[in-house]
Amino acid sequence: MTGERAANGIQAPLPGRCGYFVQKKKRYCKMIVAEGKRLCGEHANTAPNSEGENQRRRIPCPLDPKHTVDEDKLEKHLKKCNSREKPKPIYYVKGVNGGYEDAMETPRQQVSICSLSKEELEKMIKKLLKA
C-alpha cells in the first residue's frame, strides 16, 4: 500500500459507512450513511455545512437526548420514538404490590409458627381449612 489507508474501520472508514472518527473508541463510526453522504445522521451535525446546501438541522430528542432527530421530522419522531411512554395495559394497577400507601396503616405483627402453643396452632389450621 503506497500512501493508502486500509478500509478496516480503524485506519479508514469502511465503504458505505460513516466517516466520523470516534475518539473514545479509537475507530470510525460503523453506521450506514445515505447515498452520496460522507457522515451518518448522528454525526452530520458535527461537521461543517459542507455536505450540501439542503442539510437539515438535527436536534437532541426531547424524550431521550442520547440520540438526535431532524428538526422538521420531530413531530413524527415523537410518535414512534422507543423512549416515549407507552400506554399501560388495562390490567395494570399502580402500586398493587407496593405495600402500605398510608403511613398511618401499620403492618400486623408477625408471629412464627414455632412460638405458638398447640391449641393456637390447631385453631390456625382449622381457620385455614375453612378458607
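This passage walks through the charged side chains of a predicted model, and then turns to a backbone angle at Lys-26.

Salt bridges make a handy place to start. The model has two of them. One pairs Glu-71 with Arg-57, and here the closest N and O atoms sit 2.9 Å apart. Glu-71 belongs to the loop between β4 (68-70) and α1 (74-80), while Arg-57 belongs to the loop between β2 and β3, so this bridge ties together parts that are 14 residues apart in sequence. As for cover, Glu-71 comes out as partly exposed, because its relative accessibility of 41% falls between the 20% and 50% cut-offs. Arg-57, on the other hand, has a relative accessibility of 54%, which puts this residue in the exposed class, since that class takes in anything over 50%.

The other salt bridge brings together Arg-58 and Asp-70, with 3.0 Å from N to O. Again, distant parts of the chain are linked: Arg-58 is in strand β3 and Asp-70 is in strand β4, twelve residues apart. The two side chains also count as joined by a polar contact of 3.0 Å. Arg-58 has a further partner, as its side chain reaches the backbone oxygen of Thr-68 at 2.8 Å. Asp-70 itself is buried: its relative accessibility is 12%, and buried means under 20%.

Next comes a group of positive charges. Arg-17, Lys-24, Lys-25 and Lys-30 gather on the surface in a patch of positive charge. One of these, Lys-30, is found in the loop that runs between β2 (27-28) and β3 (58-60). With a relative accessible area of 46%, Lys-30 is classed as partly exposed, and it can still belong to the patch because patch residues need over 30%.

Last is the backbone at Lys-26. This residue lies in the loop between β1 (21-22) and β2. Its phi is positive, at about 55°, even though Lys-26 is not a glycine. That catches the eye because most residues other than glycine have a negative phi. Lys-26 also counts as exposed, because its relative accessibility of 58% is over the 50% cut-off.

Definitions and conventions: Residues are numbered from 1 along each chain as its sequence is written. This is a predicted model: local features need pLDDT of at least 70, side-chain atom pairs count only at pLDDT 80 or more; totals for chains, interfaces and linings use all residues. Side-chain values use heavy atoms; hydrogens and water are left out. Patches are made of residues with over 30% relative accessible area and no salt bridge: like charges are joined within 9 Å, nonpolar side chains (Val, Leu, Ile, Met, Phe, Trp, Tyr) within 5 Å. Accessible areas come from the Shrake-Rupley method with a 1.4 Å probe; for residues, only the protein chains shown count as cover. A salt bridge is a side-chain nitrogen of Lys or Arg within 4 Å of a carboxyl oxygen of Asp or Glu. Lys and Arg count as positive and Asp and Glu as negative; His and the chain ends are not counted. The place of a charge is taken as NZ of Lys, CZ of Arg, CG of Asp or CD of Glu. Helices (H or I, at least four residues) and strands (E, at least two) are DSSP runs, numbered from the N terminus. Buried means under 20% relative accessible area, exposed over 50%, partly exposed in between (1.4 Å probe, protein chains only). A polar contact is a pair of N or O atoms within 3.5 Å; within protein, one must be able to donate a hydrogen and the other to accept it, and residues adjacent in sequence count only if both atoms are side-chain atoms.
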